[in-house]
Structures are given as structure tokens and as C-alpha cells.
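Here are my notes on the model you sent, set out as numbered points. Please read them with the coordinates open beside you.

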Amino acid sequence: GEVAKAQEVLFEAISSEPDFTPAYIDLAKSYQMTGQTEKAKNAYQHIITTAPESPFAKEAQQALKELSP
């Protein structure tokens with residue numbers, strides 16, 4: 001549906017610009033919304049690793065805490 005289409009567009013954005021952090025955060029959120037926890041964790045971790053100083057890194061860290069038991 002709509003989420004799968006959005007994920008496809010975000011993935012294409014990331015493919016053409018791998019350091020585009022806003023696309024990663026949106027992709028991670030979409031994975032989280034659809035229960036794809038491991039994919040969400042990987043996307044959040046990517047943000048923390050590649051853009052630790054970005055405002056998205058703090059959001060990603062918080063999301064990882066929520067996803068980890």
C-alpha cells in the first residue's frame with residue numbers, strides 16, 4: 001500500500017544519496033510502523049554511525065532504546 005510505496009521512494013533517495021539522513025529517519029520510522037523491527041534498528045543505527053552530530057541521531061538513539069527490550 002501507501003507505506004510500501006513510500007519505503008520504495010525513500011530507498012531510491014538513499015540509493016542515489018547515501019548520506020541523506022532525513023530519508024533514513026523516515027525509512028526507519030516506516031519500518032517501525034510496519035513491524036519490521038530489525039530493518040528499523042539497522043536504519044536508526046546507520047544514522048547514529050554516519051551522522052552522530054545531526055539532530056536525527058538523538059531521535060534515532062531514542063527510537064533504538066524503545067525498540068530494544
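1. In this predicted model, the buried residues of helix H3 pack against two other helices, namely H2 (21–33) and H4 (55–67). The residues of H3 that count as buried are Ala40, Lys41, Ala43, Tyr44, Ile47 and Ile48. Viewed down the axis of H3, these buried residues fall within an arc of 165°, and they therefore line one face of the helix. The general background is that an α-helix has 3.6 residues a turn, so residues three or four places apart point the same way. On the other side of H3, the exposed residues are Glu38, Asn42 and Thr49.

2. As to its geometry, H3 covers residues 37–50, which makes 14 residues, and its span from first C-alpha to last is 20 Å, close to the 20 Å expected at 1.5 Å a residue.

3. Tyr44, one of the buried residues of H3, deserves a separate look. When neighbours within four places in sequence are left aside, Tyr44 is in contact with Ile25, Ala28, Lys29, Gln32, Ala60, Ala63, Leu64 and Leu67.

4. Which members of the largest nonpolar core touch the most other members? They are Tyr44, Ile47 and Ala60, in a core of 17 residues. Helix H1 (2–16), H2, H3 and H4 each supply at least two residues of this core, and the largest share, six residues, comes from H2.

5. Turning to the stretch that follows H3, Ser54 sits in the loop between H3 and H4. Is Ser54 buried or exposed? Its relative accessibility is 18%, and because the cut-off for buried is under 20%, Ser54 counts as buried. Not counting residues up to four places away in sequence, Ser54 touches Thr21 and Ile47.

6. Phe56, which lies in helix H4, has a relative accessible area of 25% and is accordingly classed as partly exposed. With residues up to four places away in sequence again not counted, Phe56 touches Thr21, Pro22, Ile25 and Ile47. Thr21 and Ile47 are thus contacts of Phe56 and also of Ser54. Between Phe56 and Tyr44 the separation is 12 residues in sequence and 8.9 Å in space, taken C-alpha to C-alpha. Ile25 is touched by Phe56 and is likewise in contact with Tyr44.

Technical notes:
Residues are numbered from 1 along each chain as its sequence is written. This is a predicted model: local features need pLDDT of at least 70, side-chain atom pairs count only at pLDDT 80 or more; totals for chains, interfaces and linings use all residues. Side-chain values use heavy atoms; hydrogens and water are left out. Helices (H or I, at least four residues) and strands (E, at least two) are DSSP runs, numbered from the N terminus. The expected span of a helix is 1.5 Å times one less than its number of residues. Buried means under 20% relative accessible area, exposed over 50%, partly exposed in between (1.4 Å probe, protein chains only). The arc is that of the directions from the helix axis to the C-beta atoms. Contact means heavy atoms within 4.5 Å. A nonpolar core is a set of buried Ala, Val, Leu, Ile, Met, Phe, Trp, Tyr and Cys residues joined through side-chain atoms within 4.5 Å.
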